Amino acid sequence: MTDFQKAAAAAASGMRAQSARMRIASENLANADSTGYRRKTVAFTDELDRTSGARTVAIDRIDTDNAPLNQRYDPSHPLADGQGYVTGSNVNMLMEVADARESQRSYRANLSIFDQTRQIYGEILGLLRR
């Protein structure tokens, strides 16, 4: 595998990883008001593709955040306990929005690397055709 193909493979794996990260952040935001919902977190791992020799990134695991769930006093809520408290989620909206923005920027950086690699490879092929 050429260096160009390795660079493209690494960038593509980065885009896949950041897409998954964005999906997790979106799920957390969508469930921020769900009772009893625990925030999901994603961890990545660095891998070596033995057939190509390219270093790539992959999802290592998706876990749930064990931070305490929010409690709010609302005795009129149908899911309130005996003392009138409702168990909310442990999603911090600001943290999820920041994570989504960071994921978006990382995705764009990987896409830029992929596009530049493709462009350089195309220019080299054009030079060889002459």
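Leu125 is found in helix 2, which covers residues 93-129, in what is a predicted model. With a relative accessibility of 33%, Leu125 counts as partly exposed, because that value falls between the limits of 20% for buried and 50% for exposed. Together with Ile120, Tyr121, Ile124 and Leu128, Leu125 makes a nonpolar surface patch of about 440 Å². As general background, an α-helix has 3.6 residues a turn, so residues three or four places apart point the same way.

Arg101 is also found in helix 2, and its C-alpha lies 11 Å from that of Ser26, although 75 residues separate Arg101 and Ser26 in sequence. The two partly exposed residues of helix 2 discussed here are set out below.

| Residue | Relative accessible area | Class |
|---|---|---|
| Leu125 | 33% | partly exposed |
| Arg101 | 46% | partly exposed |

The buried residues of helix 2 are Glu96, Asp99, Ala100, Ser103, Asn110 and Thr117, and these buried residues pack against helix 1, which covers residues 3-30. As to length, the 37 residues of helix 2 should span 54 Å at 1.5 Å a residue, and this agrees with the 54 Å that separates its end C-alpha atoms.

The strands form a separate topic. Strand 1 (residues 40-48) and strand 2 (residues 55-64) run antiparallel and are joined by nine bridges, with Val42 of strand 1 standing opposite Ile62 in strand 2. Six residues lie between the strands of this hairpin, in which Gly53 takes a positive phi near 80°.

Notes
Residues numbered from 1 in each chain as written. Predicted model: local features only at pLDDT ≥ 70, side-chain atom pairs only at ≥ 80, totals over all residues. Heavy atoms only, no water. Pairing = 2+ DSSP bridges. Helix = DSSP H or I, 4+ residues; strand = E, 2+ residues; numbered from the N terminus. Patch = residues over 30% accessible without salt bridge, like charges linked within 9 Å, V, L, I, M, F, W, Y side chains within 5 Å. Areas by Shrake-Rupley, 256 points an atom, 1.4 Å probe, with all protein chains shown as cover. Salt bridge = Lys/Arg side-chain N within 4 Å of Asp/Glu carboxyl O. Buried < 20%, exposed > 50% of the residue type's maximum accessible area, 1.4 Å probe, protein only. Expected span 1.5 Å × (residues − 1). Contact = heavy atoms within 4.5 Å.
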